[in-house]
Amino acid sequence: MPFDPKLTRRGFVNVLLGGGVAGWLASLLYPVVKYLIPPEDVAAEPDVLKIGAKGEFPAGSSKIVKFGKRPIIFIHTPSGEFLALAATCTHLDCIVQYRKDMGAIWCACHNGKYDLNGRNISGPPPKPLEQYQVKVIQDDIFVTRA
Ligand code: FES
């Protein structure tokens, strides 16, 4: 801002107060605008996710991994089948877990149960878990969208 030799003391104080008010308004509006405009989706969902090597998952084990932004549960069943399902409970979005002792997928939040195909079999979950495809290529395990 160029120096104005005609600027009086009152004018200088007005400029200072005006700047302060403008800064205060900006600090109020900035978070509101950032809240209303959603951020760009930087972690887009991948087409394929490598889970790991077959040997890392003994029969009866499971692992929760991120598929893009969504958690999925990968299960190696005692019968030797590989499964991958959404790990977010369809009731209130808690993360589910594989319970080998029950032979089911269980949600600890409200005792919801799903069978190993992701079908809701008891408790409050209203819908089945989304299924993913598992592919074993040589010794590596990959998950893709079904
Ligand atoms: S959130 Fe899973 S049963 Fe309620």
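Q: Two strands count as paired when DSSP finds at least two bridges between them. What makes strand 6 and strand 7 a pair?
A: In this predicted model, three bridges join strand 6 to strand 7 (residues 112-114), so the requirement of at least two bridges is met. The two strands run antiparallel, and Cys107 has Gly112 of strand 7 as its bridge partner. Strand 6 and strand 7 form a hairpin with four residues between them, and Asn111 in the turn has a positive phi of about 60°.

Q: How do you know that strand 5 and strand 6 pair?
A: Again we can count: three bridges join strand 5 (residues 97-99) to strand 6, and the strands run antiparallel. Three satisfies the minimum of two, so they pair. Gln97 stands opposite Trp106 of strand 6. This hairpin has four residues between its strands, and Gly103 takes a positive phi near 65°.

Q: Which residues make up the covered and uncovered faces of strand 6?
A: Ile105 and Cys107 form the covered face, while Ala104 and Trp106 form the uncovered one.

Q: What makes Ile72 stand out in the largest nonpolar core?
A: That core holds 20 residues, and Ile72, Ile73 and Leu85 touch the most other members. Strand 3 (70-76), strand 4 (82-86), strand 6 (104-107) and strand 10 (140-145) each supply at least two core residues, with the largest share, four, coming from strand 3. Beyond its neighbours within four places in sequence, Ile72 is in contact with residues including Val65, Phe67, Leu85, Tyr132 and Val143. Each of these is called a contact because the C-beta atoms lie within 7 Å.

Terms used
Residues numbered from 1 in each chain as written. Predicted model: local features only at pLDDT ≥ 70, side-chain atom pairs only at ≥ 80, totals over all residues. Core = buried A, V, L, I, M, F, W, Y, C linked by C-beta atoms within 7 Å. Buried ≥ 20, exposed ≤ 12 C-beta atoms within 10 Å, placed from the backbone. Contact = placed C-beta atoms within 7 Å.
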